[in-house]
Amino acid sequence: MSKEAIDKAHAAWIDAMRANDANALGPLMAADVILMPPHARPTSGPQASIDWFAGVVEQARTLAIDVREREVIVTNDFGIERGSFTWKLAPIGGSPIEEHGQFLAIWQQQPDGSWKMKRIIWNSTLPV
């Protein structure tokens, strides 16, 4: 039940990234969301997080995302999601690149029963 709801929210998150639609991420974020992207300061709140993703989309377009080794642990109204990913991007005016990394996300069940992203951090597993 709860895992299935988190799976659905996760799929919507990935679909928004594949569509290069930063605004579609907004409804999936808790009011106090914090994103901790690599090589950047954390964002705080949905609008700052949408703005960060919009900045990425201005620089590169997502071509594909593959999430592997994903696990979800649910306890009460929190879900912890861990996994690895391959993210294929096409920088504007450049050649496509492929990023490999891992992520850890915390989802929180809302009073209406939906699950929203509360915290997320991800990094690259490629050598520097």
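This is a short tour of a predicted model, moving from the sheet to the helices, the core and one buried threonine.

**Stop 1: the sheet.** Start by showing the strands alone. Six of them make an open sheet, and reading across you will pass β2, β1, β6, β5, β4 and β3 in that order, with mixed pairing. β2 and β3 are the edge strands, each paired on one side only.

**Stop 2: β1 and β6.** Now select these two strands, which run parallel and are joined by four bridges. Pick methionine 29 and you will find methionine 117 of β6 opposite. Next try leucine 35, which stands opposite isoleucine 120 in β6.

**Stop 3: β5 and β6.** Keep β6 and add β5. Here the pairing is antiparallel, over nine bridges. To see one of the partnerships, select phenylalanine 103 and tryptophan 122 in β6. Then follow the chain through the turn: the two strands form a hairpin with five residues between them, and glycine 113 in that turn has a positive phi of about 95 degrees.

**Stop 4: the helices.** Bring back α1, which lies across β1, β3, β4, β5 and β6 and runs at about 165 degrees to β3. Then add α2, found lying across β1, β2, β3, β4 and β6, at about 45 degrees to β1.

**Stop 5: the core.** Which residues have the most contacts inside the largest nonpolar core? Select Trp13, Leu25, Phe53, Trp87, Trp107, Met117 and Trp122; the core as a whole has 27 residues. Elements giving two or more residues to this core include α2 (46-59), β3 (60-75) and β4 (78-91). The largest share, six residues, comes from α1. Now centre on methionine 117 and display its surroundings: beyond its sequence neighbours up to four places away, methionine 117 touches Trp13, Leu28, Met29, Ala30, Val33, Ala105, Ile106 and Trp107.

**Stop 6: threonine 43.** Finish in strand β2 (residues 43-44), where you will find threonine 43. Is this residue, threonine 43, buried or exposed? Threonine 43 counts as buried because its relative accessible area is 8%, below the 20% cut-off. Show side chains here and look for serine 49: the side chains of threonine 43 and serine 49 make a polar contact at 2.8 Å. Setting aside neighbours within four places in sequence, threonine 43 is in contact with Val33, Ile34, Leu35, Ala48, Ser49 and Trp52. Leucine 35 should look familiar from the second stop, where it stood opposite isoleucine 120.

Key
Residues numbered from 1 in each chain as written. Predicted model: local features only at pLDDT ≥ 70, side-chain atom pairs only at ≥ 80, totals over all residues. Heavy atoms only, no water. Buried < 20%, exposed > 50% of the residue type's maximum accessible area, 1.4 Å probe, protein only. Polar contact = N/O pair within 3.5 Å; in protein donor to acceptor, adjacent residues only side chain to side chain. Contact = heavy atoms within 4.5 Å. Core = buried A, V, L, I, M, F, W, Y, C linked by side-chain atoms within 4.5 Å. Pairing = 2+ DSSP bridges. Axes fitted to C-alpha atoms, helices over the stretch in contact; angles between N-to-C directions.
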